[in-house]
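User: I have a model open and would like to go through a few parts of it with you. Could you start with a sheet and then move on to how the helices pack?

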Amino acid sequence: MAFAPVGPEASFFEVLDQHRASLLAALRRGGGEPADGGTRLASSSEVLASIESVIQDVLTSLARNKAPVFTIDNRSSWENIKFEDSVGLQMVPHCTRRKIKSDSPKSVKNFALILKILSIIYKLVQSNTHATKRDIYYTDSQLFGNQTVVDNIINDISCMLKVPRMSLHISSTSKGLIAGNLRYIEEDGTKVHCTCGTTAVAVPSNIQGIRNIITDAKFLLIVEKDATFQRLLDDNFCNRMSPCIMVTGKGVPDLNTRLLVKKLWDTFHIPVFTLVDADPHGIEIMCIYKYGSMAMSFEAHNLTVPAIRWLGLLPSDIKRLNIPRDTLIPLTKRDQMKLDSVLKRPYVTCQPFWRKEMEIMADSKMKAEIQALTFLSSDYLSRVYLPNKLKFGGWI
């Protein structure tokens with residue numbers, strides 16, 4: 001069942017439709033995408049076999065009176081990362097590795113924690129049940145110390161086993177929100193109807209389990225911050241620009257929000273845009289959606305959407321719209337370090353327009369939040385800025 005059109009006339013979306021046609025043409029030139037949308041899941045038997053192989057290595061070492069060692073790809077070094085425009089940041093095939101030794105005072109606890117979480121994962125997969133990262137932490141919170149320890153070990157195990165994290169039967173709580181022209185059925189049969197009202201729907205915790213996805217959306221807008229997302233809903237932006245979809249990861253996106261954006265792109269190939277603050281932090285968040293992160297580079301094919309475009313707020317917009325300097329914020333030392341870091345990343349070389357925008361920021365030594373547009377009018381963002389950008393192709 002299709003959605004009834006309530007937004008602007010069809011001619012409004014002419015440039016968007018042309019952009020979508022160019023994206024589809026680029027996909028065809030590149031040989032398209034895998035039939036499964038790029039997601040490479042491992043079967044339960046494969047996951048169990050991988051864990052058994054790791055444990056067998058531990059037992060073999062012990063039988064030979066040797067201290068067992070876990071060898072894990074080093075995810076914290078740019079030397080181990082390569083960039084492909086069609087995928088994003090991904091680990092090189094033969095990267096440097098780090099050893100977690102059972103006989104070293106520095107790593108013996110980490111070795112034990114990996115074994116413990118491996119046993120938990122094995123039981124989950126074997127019984128076809130799921131647990132959240134938080135559930136695992138509370139199995140022995142004193143032992144783990146904090147949630148970050150558990151999160152890092154789960155990523156290390158995923159990387160070590162060469163298995164996507166979603167295949168480990170471990171889910172993470174979603175913090176993202178979604179609104180607009182979208183319907184789907186969750187794994188348990190729950191029918192979800194996202195609307196363009198003032199209340200959004202939480203991003204599902206099991207993205208792979210959703211099915212029967214229906215949308216007529218012309219574009220997907222990723223909004224960096226929850227406050228901006230809610231303001232757009234309050235201003236009725238979603239209805240006036242219908243059919244469209246809006247998503248927010250409430251800052252740095254969680255895994256499920258990234259998986260949802262990826263699934264919507266793989267399924268519908270509609271244009272995807274980002275609305276972020278004109279500051280280094282906002283740019284990095286946009287890059288995570290588009291090209292991925294170093295920490296999750298071993299799973300880039302499942303998470304990145306290189307077709308994403310930067311809609312705003314562009315540093316060049318600040319001068320173009322005559323936004324007063326007293327509404328801007330000086331770059332801190334930390335901001336400047338972050339900006340320098342992003343400018344050195346491999347994907348910037350294929351994004352000359354992005355580089356130019358970041359250089360404008362660096363030269364001005366100023367940053368701006370999206371809220372700076374309220375100087376022009378309280379609803380300038382929803383009624384003027386975004387509609388004009390979408391209608392006339394104001395993205396890079």
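**Sheet, helix packing and an annotated domain**

Analyst: To begin with the sheet in this predicted model, three strands form an open sheet in the order 9-8-11, and their pairing is antiparallel.

User: Which strands stand at the edges?

Analyst: Those are strand 9 (191–194) and strand 11 (211–214), each of which has a single partner strand, so one side of each lacks a neighbour in the sheet. On average, and ignoring direction, neighbouring strands of this sheet are turned by 10° against each other.

User: How many bridges join strand 8 to strand 9?

Analyst: Strand 8 (residues 182–185) and strand 9 run antiparallel and are joined by four bridges; looking at Tyr184, its bridge partner in strand 9 is Val192.

User: Switching to helices, at what angle do helix 3 and helix 6 pack?

Analyst: Helix 3 (residues 108–127) packs against helix 6 (residues 147–161) at about 75°, and their axes are 10 Å apart. The two helices are therefore roughly perpendicular to each other.

User: And which residues make the contact?

Analyst: From helix 3 the contact includes Leu113, Ile117 and Ile121, while helix 6 contributes residues including Val150, Ile154 and Leu161. By class, this contact of helix 3 with helix 6 has twelve nonpolar residues, one polar residue and no charged ones.

User: Last topic: what does UniProt place at residues 219–390?

Analyst: The unreviewed UniProt entry places the feature "domain: Topoisomerase 6 subunit A/Spo11 TOPRIM" there. Over residues 219–390 the chain is 49% helix and 12% strand, with the end C-alpha atoms 9 Å apart.

Definitions and conventions. Residues are numbered from 1 along each chain as its sequence is written. This is a predicted model: local features need pLDDT of at least 70, side-chain atom pairs count only at pLDDT 80 or more; totals for chains, interfaces and linings use all residues. Side-chain values use heavy atoms; hydrogens and water are left out. UniProt positions are given in the numbering used here, feature names are shortened, and annotations may be inferred rather than shown by experiment. Axes are lines fitted to C-alpha atoms, for helices over the stretch in contact, and angles run from 0 to 180 degrees between N-to-C directions. Angles under 35 degrees count as roughly parallel, over 145 as roughly antiparallel, 65 to 115 as roughly perpendicular and the rest as oblique. Contact means heavy atoms within 4.5 Å. Ala, Val, Leu, Ile, Met, Phe, Trp, Tyr, Cys and Pro count as nonpolar, Asp, Glu, Lys and Arg as charged, and the others, Gly among them, as polar. Two strands pair if DSSP finds at least two bridges between them.
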